[in-house]
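Please look over the structure shown here and read the report beside it.

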Amino acid sequence: MSDKWEPCPRCGSNRVRSMGLAFFILMGLGTLGFGVLLLIIPFIGIPLMVIGAAFLILAPFSKNTLQCQDCKKSWKYPANKNAVHPG
């Protein structure tokens with residue numbers, strides 16, 4: 001996990017993971033690749049390719065994104081812009 005971390009702003013849980021650039025790139029490439037394989041069924045393959053491309057387009061904007069493993073809330077770090085975080 002990166003040095004950018006804070007507890008969940010919704011439930012206060014410490015079970016938080018980083019959902020950064022690598023996650024979105026891997027999801028995009030995986031979905032895009034699966035869509036290409038399923039082009040023999042166009043009504044499934046084409047939407048999967050579009051979803052994969054969307055993940056790849058959104059990847060640069062996912063920097064500093066955290067997700068709570070308990071309540072599944074996602075947010076940008078830091079949640080409170082006025083908060084002082086160690087590090």
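The report below goes from the overall fold to confidence, and then to individual residues.

## Overall architecture

This is a predicted model, and its protein chain contains two helices and three strands, which follow one another from the N terminus in the order β-α-α-β-β. Among the contacts that join residues at least 6 apart in sequence, 57% link residues at least 24 apart.

Of the 87 residues in the protein chain, 25% are buried. The chain exposes about 5900 Å² of surface, and carbon and sulfur atoms account for 69% of that area.

## Confidence in the model

The pLDDT of the protein chain averages 81, and 85% of the residues score at least 70. Over residues 83–87 the pLDDT falls below 50, and this stretch has four contacts in the model beyond near neighbours in sequence. Where pLDDT is low, the predicted coordinates should not be read in detail.

Confidence is highest in α2, with a mean of 91, and lowest in strand β3 (residues 74–76), where the mean is 82.

## Trp-5 and its surroundings

Trp-5 lies in the segment that precedes β1 (16–18). With a relative accessibility of 32%, Trp-5 is classed as partly exposed, because that category covers values between the 20% limit for buried and the 50% limit for exposed residues.

Setting aside residues up to four places away in sequence, Trp-5 touches Asn-14, Val-16, Leu-66 and Tyr-77. Trp-5 and Arg-17 are twelve residues apart in sequence, and their C-alpha atoms are 8.3 Å apart in space.

## Thr-65 in strand β2

Thr-65 belongs to strand β2, which spans residues 65–68. Its relative accessible area is 12%, and Thr-65 is therefore counted as buried, since the cut-off for that class is under 20%.

When neighbours within four places in sequence are left aside, the contacts of Thr-65 are with Arg-17, Ser-18, Met-19, Gly-20, Trp-75 and Lys-76. Arg-17 thus appears both among the contacts of Thr-65 and in the C-alpha distance given for Trp-5.

## A nonpolar surface patch

Val-36, Leu-39, Ile-46 and Val-50 together make a nonpolar surface patch of about 340 Å². One of these residues, Leu-39, sits in the loop between α1 (21–37) and α2 (42–58). Leu-39 has a relative accessible area of 39% and is partly exposed; it can take part in the patch because residues there need over 30% relative accessible area.

Technical notes. Residues numbered from 1 in each chain as written. Predicted model: local features only at pLDDT ≥ 70, side-chain atom pairs only at ≥ 80, totals over all residues. Heavy atoms only, no water. Patch = residues over 30% accessible without salt bridge, like charges linked within 9 Å, V, L, I, M, F, W, Y side chains within 5 Å. Areas by Shrake-Rupley, 256 points an atom, 1.4 Å probe, with all protein chains shown as cover. Salt bridge = Lys/Arg side-chain N within 4 Å of Asp/Glu carboxyl O. Helix = DSSP H or I, 4+ residues; strand = E, 2+ residues; numbered from the N terminus. Buried < 20%, exposed > 50% of the residue type's maximum accessible area, 1.4 Å probe, protein only. Contact = heavy atoms within 4.5 Å. pLDDT = per-residue confidence, 0-100.
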